[in-house]
Amino acid sequence: THHFNTKQSLAGKKVLVTAGPTYEPIDPVRFIGNHSSGKMGVALANELAARGAQVELVAGPGVQDPANKGIQLHRVTTAQEMYTVCIEHYPAMDLAIMSAAVADYTPETVASEKIKKTDGGMELRLTKTKDILKELGLLKKQHQVLVGFALETNNEKANALQKLHSKNADLIVLNSLQDAGAGFGYDTNKITVFDKAGEEISYPVKSKSEVAADIVDLIQKKFYV
Ligand code: CTP
Ligand code: CA
């Protein structure tokens with residue numbers, strides 16, 4: 001007899017996950033970074049692999065190794081490196097979940113020697129990085145599902161919906177910073193998920209592994225059942 005097993009129902013699916021920060025070098029000893037730990041992305045990668053998916057995890061600096069040894073780990077440093085790995089793998093993917101906190105700007109030039117301080121202040125010229133989620137949204141084929149995250153401090157819903165549509169994503173997971181004990185540096189998260197049909201699903205504060213299971217449950221329910 002055939003028994004439908006939710007926990008294995010991603011068998012054969014290929015999934016790309018980005019996690020963590022990117023570091024954008026200024027000179028040989030300095031960079032621009034952010035506080036992302038990558039824990040949410042690693043939890044997603046572990047959950048997906050546990051359900052049978054073939055996972056490519058593109059992880060920024062400082063991200064912990066995933067527990068699941070079946071996960072293909074790609075370590076990157078900069079936004080440009082993360083972009084290159086994602087673009088290479090995306091055509092073969094069924095699903096992509098972009099949880100990384102990618103730098104929006106990178107130094108226009110990287111000094112080859114340590115920048116010495118002088119009297120007075122200094123200016124650093126930055127250029128925009130490539131928006132990986134948006135680029136994947138442009139490349140997206142009919143069978144592919146694309147999930148983005150949004151981190152907002154104000155106008156959360158409007159900004160999340162703007163990201164959903166402008167990046168051609170199928171779902172946007174809004175990370176709520178409203179509740180203490182959720183987000184950067186914590187092991188818990190509070191999310192609200194928005195889809196293109198206008199549906200909005202809110203969850204209570206949970207551990208990042210429970211949040212990952214909620215996200216994967218929702219993806220399976222909406223796209224794979
Ligand atoms: N993202 C990305 N590449 C970038 C910037 C963001 O893939 N260069 C992805 C993130 O991984 C996330 C989504 O885009 O899935 C939204 O990221 P966020 O920083 O919240 O939004 P931005 O579009 O960068 O806009 P802003 O930071 O101005 O709110
Ligand atoms: Ca950003």
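## Exercises on a predicted model

M98 sits in strand β6, which covers residues 95-98. The model is predicted. Each exercise below has a task and a worked solution.

### Exercise 1: M98

Task: Decide whether M98 is buried or exposed, and find which residues M98 is in contact with, leaving aside neighbours within four places in sequence.

Solution.
- Step 1. Count the neighbours. M98 has 27 C-beta neighbours inside 10 Å.
- Step 2. Apply the cut-off. A residue is buried if 20 or more other C-beta atoms lie within 10 Å of its own. M98 therefore counts as buried.
- Step 3. List the contacts. Beyond four places in sequence, M98 is in contact with T18, I132, L133, V147, G148 and F149.
- Step 4. Check one distance. L146 is 48 residues from M98 along the chain, and their C-alpha atoms are separated by 8.1 Å.

### Exercise 2: the shell around ligand 1

Task: Find which residues come nearest to ligand 1 and which element gives the largest share of the shell.

Solution.
- Step 1. Start with the residues. The shell holds 16 residues, and the nearest are M98, V102, I132, L133 and G148. M98 is the buried residue of Exercise 1.
- Step 2. Turn to the elements. Helix α3 (132-139) and strand β9 each supply at least two residues of the shell.
- Step 3. Pick out the main supplier. β9 gives four residues, the largest share.
- Step 4. Sort by type. Nine residues of the shell are nonpolar, three are polar and four are charged.

### Exercise 3: two listed positions

Task: UniProt lists D104, K114, F149, K163 and K167 for "binding site" in an unreviewed entry. Work out where K114 and F149 lie, and whether each is buried or exposed.

Solution.
- Step 1. See how the listed residues spread. They span 64 residues of sequence, and in space they are up to 37.5 Å apart between C-alpha atoms.
- Step 2. Place K114. K114 lies in the loop between β7 (105-107) and β8 (126-128).
- Step 3. Judge K114. K114 counts as exposed because it has 10 C-beta neighbours inside 10 Å; the cut-off for exposed is 12 or fewer.
- Step 4. Find the contacts of K114. Beyond four places in sequence, they are D27, P28 and V29.
- Step 5. Place F149. F149 lies in strand β9, residues 145-151.
- Step 6. Judge F149. F149 is buried, because 23 other C-beta atoms lie within 10 Å.
- Step 7. Find the contacts of F149. Leaving out residues up to four places away, F149 touches M98, S99, V173 and N175. I172 is 23 residues from F149 in sequence, and 5.2 Å away in space, C-alpha to C-alpha.

### Exercise 4: the hairpin that holds D27

Task: K114 is in contact with D27. Find which residue D27 stands opposite, and how many bridges join strands β2 and β3.

Solution.
- Step 1. Set out the strands. β2 covers residues 24-27 and β3 covers residues 30-32.
- Step 2. Give the pairing. Three bridges join β2 and β3, and the two strands run antiparallel.
- Step 3. Name the turn. β2 and β3 form a hairpin with two residues between them.
- Step 4. Find the partner. D27 stands opposite R30 in β3.

### Exercise 5: the two sides of α4

Task: Find which residues of helix α4 are buried, and what they pack against.

Solution.
- Step 1. List the buried residues. In α4 (residues 156-166) they are A160, K163 and L164.
- Step 2. Locate them around the axis. They cover an arc of only 105 degrees, so they are on the same side of α4.
- Step 3. Look at the other side. There A158, H165 and S166 are exposed.
- Step 4. Find the packing partners. The buried residues pack against β9, β10 (171-175) and β12 (191-195).

### Exercise 6: positive phi on either end of α4

Task: Find where N155 and N168 lie, and what their phi values are.

Solution.
- Step 1. Recall the usual case. Most residues other than glycine have a negative phi.
- Step 2. Take N155. N155 lies in the loop between β9 and α4. Its phi is positive, about 45 degrees, although N155 is not a glycine. With 10 C-beta neighbours inside 10 Å, N155 counts as exposed.
- Step 3. Take N168. N168 lies in the loop between α4 and β10. Its phi is positive too, near 60 degrees. With 17 C-beta neighbours inside 10 Å, N168 counts as partly exposed.

Key. Residues are numbered from 1 along each chain as its sequence is written. Chains are lettered from A and ligands numbered from 1 in the order in which they are written. This is a predicted model: local features need pLDDT of at least 70, side-chain atom pairs count only at pLDDT 80 or more; totals for chains, interfaces and linings use all residues. UniProt positions are given in the numbering used here, feature names are shortened, and annotations may be inferred rather than shown by experiment. Two residues are in contact if their C-beta atoms, placed from the backbone, lie within 7 Å. A residue is near a molecule or strand if its C-beta atom, placed from the backbone, lies within 6 Å of it. Ala, Val, Leu, Ile, Met, Phe, Trp, Tyr, Cys and Pro count as nonpolar, Asp, Glu, Lys and Arg as charged, and the others, Gly among them, as polar. The arc is that of the directions from the helix axis to the C-beta atoms. Two strands pair if DSSP finds at least two bridges between them.
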